[in-house]
Amino acid sequence: INPQLKVGAEMRAPVPVLAVDGQSRVFEGDLLVRIDPDQYQHKVTHLEAKLKGDETEQQLIKQQIANNARHRDKARVDYDLAKEQYDRIASLRKKNVASDAEMTASALDLQRYQESLITLENERDLFPIRQTQLEQRLEMNRAELKMARLDLARTAVRPPFSGRLSEVSVELGQHVRVGDPLAKLIDLNIVEVPIALPLAESAKITSAIQKKEYPRVLLAENESAPPRWTGLVVRISPQADDLTRTVNAFVQVENASQSTPLLPGCFVYALIQGPTLQKVLAIPRDSVLNGSVYVAVNGQARLRPIRIREQLRTLAILESGLAPGEKLIVSNLDAL
């Protein structure tokens with residue numbers, strides 16, 4: 001294992017870099033752990049030997065094809081000569097010049113040369129099948145060798161991206177299996193914060209995002225603390241939570257632009273900046289009674305109908321019905 005494989009240590013991923021000579025190089029990245037490569041190296045060596053043997057056999061078949069072609073040429077010439085000899089002796093036999101023994105010997109020679117030619121032609125016809133089988137075996141062995149080399153390379157475990165270690169799950173000499181966690185790495189450059197919003201508020205933000213206008217968000221440790229981080233709402237979940245009836249908005253915080261990095265797992269209070277409403281008044285929702293409010297006029301309570309534009313938490317946003325400076329009665333409404 002890497003001596004620096006400890007929680008909080010920064011690990012760098014493989015990246016291409018430009019060398020002094022202008023050539024592109026690949027920085028291998030930090031080695032986290034190395035799995036014992038002996039078994040994987042043995043498999044690579046074994047498959048390389050198999051592949052080399054197959055390639056040698058491929059060359060051998062090519063040479064056998066060439067040899068077969070030369071033997072067939074010679075066998076065809078021998079057969080043609082034996083056929084001429086047989087025809088000549090058969091002609092002489094009709095004239096009682098050649099003997100039966102000569103006729104039989106010539107026929108046997110012709111048959112022998114013919115069988116030799118047929119054997120070579122059959123061997124020629126089998127070469128394409130042997131070549132196809134060998135090509136298939138070569139292709140399979142090449143694929144296995146490629147995978148074996150990949151497995152061997154993966155015995156050197158390097159981070160897929162640069163970040164800091166948050167968990168280390170292995171020790172030197174430990175036996176590991178496929179799927180066992182080795183370490184947990186966190187990229188602190190960009191942190192995303194999910195925020196649950198009511199459906200009406202999420203609709204406003206969705207409209208802004210569709211226009212490529214990403215709302216700015218102020219984040220703090222709690223509701224009363226001053227903002228410590230800033231981010232942008234970059235996307236909205238397409239599905240609402242059926243229990244809370246809220247929609248998640250995802251705030252992206254770039255730590256490079258923050259005075260203090262925002263760490264994953266923290267709880268934060270978010271204030272999303274939205275449009276400013278003009279010529280409206282905000283009153284406590286509890287002061288509204290059946291679409292009206294009580295206003296104190298010359299020591300008397302007067303019922304005044306109002307027009308509510310929208311409700312925001314404990315506030316009611318009014319479009320009409322009240323004027324700045326009027327005194328709103330907010331308690332003992334039932335008695336009034």
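The backbone nitrogen of Leu262 lies 2.7 Å from a polar atom of the Asn255 side chain, a polar contact being a pair of N or O atoms within 3.5 Å, of which, within protein, one must be able to donate a hydrogen and the other to accept it, while residues adjacent in sequence count only if both atoms are side-chain atoms. The model is a predicted one, in which local features need pLDDT of at least 70 and side-chain atom pairs count only at pLDDT 80 or more, whereas totals for chains, interfaces and linings use all residues. Residues are numbered from 1 along each chain as its sequence is written, and side-chain values use heavy atoms, with hydrogens and water left out.

Asn255 is placed in the loop between strand E11 (246–254) and strand E12 (269–272), where helices (H or I, at least four residues) and strands (E, at least two) are DSSP runs numbered from the N terminus. With a relative accessible area of 8%, Asn255 is buried; buried denotes under 20% relative accessible area, exposed over 50%, and partly exposed the range in between (1.4 Å probe, protein chains only). When residues up to four places away in sequence are not counted, Asn255 touches Leu188, Asn189, Val191, Thr260, Pro261 and Leu262, contact meaning heavy atoms within 4.5 Å. Leu262 is thus both one of the residues touched by Asn255 and the residue whose backbone nitrogen lies 2.7 Å from a polar atom of the Asn255 side chain.

Strand E11 itself contains Thr246, which is likewise buried, at a relative accessible area of 18%. The side chains of Thr246 and Thr244 are joined by a polar contact of 2.7 Å. Beyond four places in sequence, Thr246 touches Ala196, Leu197, Pro198, Ala240 and Asp241.

Two asparagines have a positive phi of about 55° although neither is a glycine, namely Asn290 and Asn298. Asn290 is found in the loop between strand E13 (281–284) and strand E14 (292–297), and at 77% relative accessibility it counts as exposed. Asn298 occupies the loop between E14 and strand E15 (300–305) and is exposed as well, with a relative accessible area of 78%.

Towards the start of the chain, Pro3 belongs to the segment before strand E1 (10–11) and counts as exposed at 64% relative accessibility. Pro3 and Gln273 are separated by 270 residues in sequence and by 46 Å in space, C-alpha to C-alpha. Ser116, in helix H2 (residues 100–153), is partly exposed, with a relative accessible area of 34%. Between Ser116 and His71, which are 45 residues apart in sequence, the C-alpha to C-alpha distance is 9.4 Å.

For the protein as a whole, three helices and 18 strands are assigned. The radius of gyration is 45 Å, whereas a compact globule of 336 residues would have a value near 20 Å; this radius is taken over C-alpha atoms, and the globule rule is 2.2 Å times the number of residues to the power 0.38. Along the principal axes, the C-alpha atoms fill a box of roughly 160 × 55 × 45 Å. Of the 336 residues, 24% are buried, and among contacts with a separation of 6 or more, 63% are accounted for by residues 24 or more positions apart.

The accessible surface of the protein comes to about 23,500 Å², of which 53% belongs to carbon and sulfur atoms, the areas coming from the Shrake-Rupley method with a 1.4 Å probe and, for residues, with only the protein chains shown counting as cover. There are 44 positive and 43 negative side chains, the centres of the two sets lying 5 Å apart. Lys and Arg count as positive and Asp and Glu as negative, without His and the chain ends, and the place of a charge is taken as NZ of Lys, CZ of Arg, CG of Asp or CD of Glu.
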